[in-house]
Amino acid sequence: MSEAGFNIACAAGPRNDTVGIGVVCFHRLDDVRVAVASIAKHGGGRYPTVLFDNSGDSVIGDWAEDQALPWLTCISSPNQGCWGARNRIAEHFAMLGCKHWIAQDMDVEWTGDIVPPMLAVFKRYPDTGVVTWPLATQSMGNHRYDATGACWPPECPGMCCMYSIEALTAGDCPDLIGWCPEFGLCWRGDTDYCYSVYSKGYQTRVVLAPDMVNHRHPHRGTAMLGSRLIPEQQKSEAAFRARSKRFRWPRV
């Protein structure tokens with residue numbers, strides 16, 4: 001794994017029950033405002049929240065600073081794409097000692113406090129590595145899930161997922177820890193991550209309850225890449241084929 005992958009040293013030390021929220025941002029301050037307002041309304045400041053801003057400018061960071069919310073911080077960065085952003089968010093909360101954290105798209109709006117029902121899945125089924133909402137499965141075609149919420153194939157989009165530091169860091173193969181940096185900015189990386197933790201014995205599950213999130217603008221973020229989208233997808237598909245062959249992933 002290259003330096004852009006997850007830094008395992010960040011996960012050293014004791015764990016605690018704090019749940020962190022990471023919002024992957026790329027311009028579109030209007031979406032960020034709605035996302036943060038919904039986290040404030042339903043989370044009540046209980047969850048440390050990080051805006052990981054891939055935009056390469058100070059617009060979102062300046063806005064976050066102006067809010068002066070003690071539970072909200074912004075990490076500004078040159079564009080690391082979805083997977084670099086997830087690794088940096090995971091590192092941030094791992095260093096805080098969190099056992100679990102959420103990564104979500106900036107256009108996801110909470111309609112309730114999503115943390116307790118997502119966390120309950122991990123507590124009921126200790127072999128869980130990723131938890132999402134039924135809404136996420138609607139874009140995946142012929143996927144299904146069983147009475148425990150376990151998905152087959154064992155994957156989900158990263159629209160709004162809770163992750164386990166235990167599952168992320170398990171195993172001896174560094175190429176199965178964190179999100180693989182070989183992928184393009186926005187394609188196949190979440191599938192690969194879910195397959196990585198599945199190969200280590202962890203399931204991807206949905207909350208077996210009505211959705212408590214609203215995905216306001218599906219695919220708008222990828223559309224912002226314009227002519228870069230197809231090359232990014234091609235790069236990711238090539239990486240996914242290679243890793244599928246190497247690790248014998250289930251077929252999508």
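**Notebook: aromatic pairs and unusual backbone angles**

I began with Trp 179, which is buried at a relative accessible area of 0%. I note here that the model is a predicted one.

Entry 1, the partner of Trp 179. I looked for a ring beside it and found Tyr 193; the two form a stacked aromatic pair, 4.0 Å centre to centre with 10° between the planes. I then placed both residues: Trp 179 is in the loop between α6 (165-169) and α7, Tyr 193 is in helix α7, and so the pair ties together parts 14 residues apart in sequence. Tyr 193 has 1% relative accessibility, which is under 20%, so I entered this residue as buried. I also checked for a wider group, and Trp 101, Tyr 163, Trp 179 and Tyr 193 form one aromatic cluster.

Entry 2, the other pair I looked up. I counted nine aromatic pairs in the structure. One of them is Trp 152 with Tyr 198: the ring centres are 5.8 Å apart and the planes stand at 65°, over the 60 degrees required, so I logged the pair as edge-to-face. This pair links distant parts of the chain, with Trp 152 in strand β8 (residues 151-152) and Tyr 198 in helix α7 (residues 189-199), 46 residues apart. Are these two rings buried or exposed? I found Trp 152 partly exposed at 35% relative accessibility, and Tyr 198 partly exposed with a relative accessible area of 29%.

Entry 3, the peptide bond after Trp 152. I read omega between Trp 152 and Pro 153 as about -10°, and the bond is cis. Pro 153 is in the loop between β8 and β9 (160-164). I wrote this down because most peptide bonds are trans.

Entry 4, positive phi. Most residues other than glycine have a negative phi, so I searched for exceptions. His 27 has a positive phi of about 60° and is not a glycine. I located His 27 in the loop between β1 (16-25) and α1 (29-43). Its relative accessible area is 29%, so I put His 27 down as partly exposed.

Arg 188 also went on the list: its phi is positive, near 70°, and the residue is not glycine. Arg 188 lies in the loop between α6 and α7. At 24% relative accessibility I entered Arg 188 as partly exposed.

Entry 5, the side chain of Arg 188. Over which ring does its charged end sit? I found the charged end of Arg 188 over the ring of Phe 240, 5.0 Å from the ring centre.

Key: Residues are numbered from 1 along each chain as its sequence is written. This is a predicted model: local features need pLDDT of at least 70, side-chain atom pairs count only at pLDDT 80 or more; totals for chains, interfaces and linings use all residues. Side-chain values use heavy atoms; hydrogens and water are left out. Rings of Phe, Tyr and Trp (its six-membered ring) pair if their centres lie within 6.5 Å; planes under 30 degrees apart count as stacked, over 60 as edge-to-face and the rest as tilted. Helices (H or I, at least four residues) and strands (E, at least two) are DSSP runs, numbered from the N terminus. Buried means under 20% relative accessible area, exposed over 50%, partly exposed in between (1.4 Å probe, protein chains only). A charge sits over a ring if NZ of Lys or CZ of Arg is within 6 Å of the ring centre and within 35 degrees of the ring normal.
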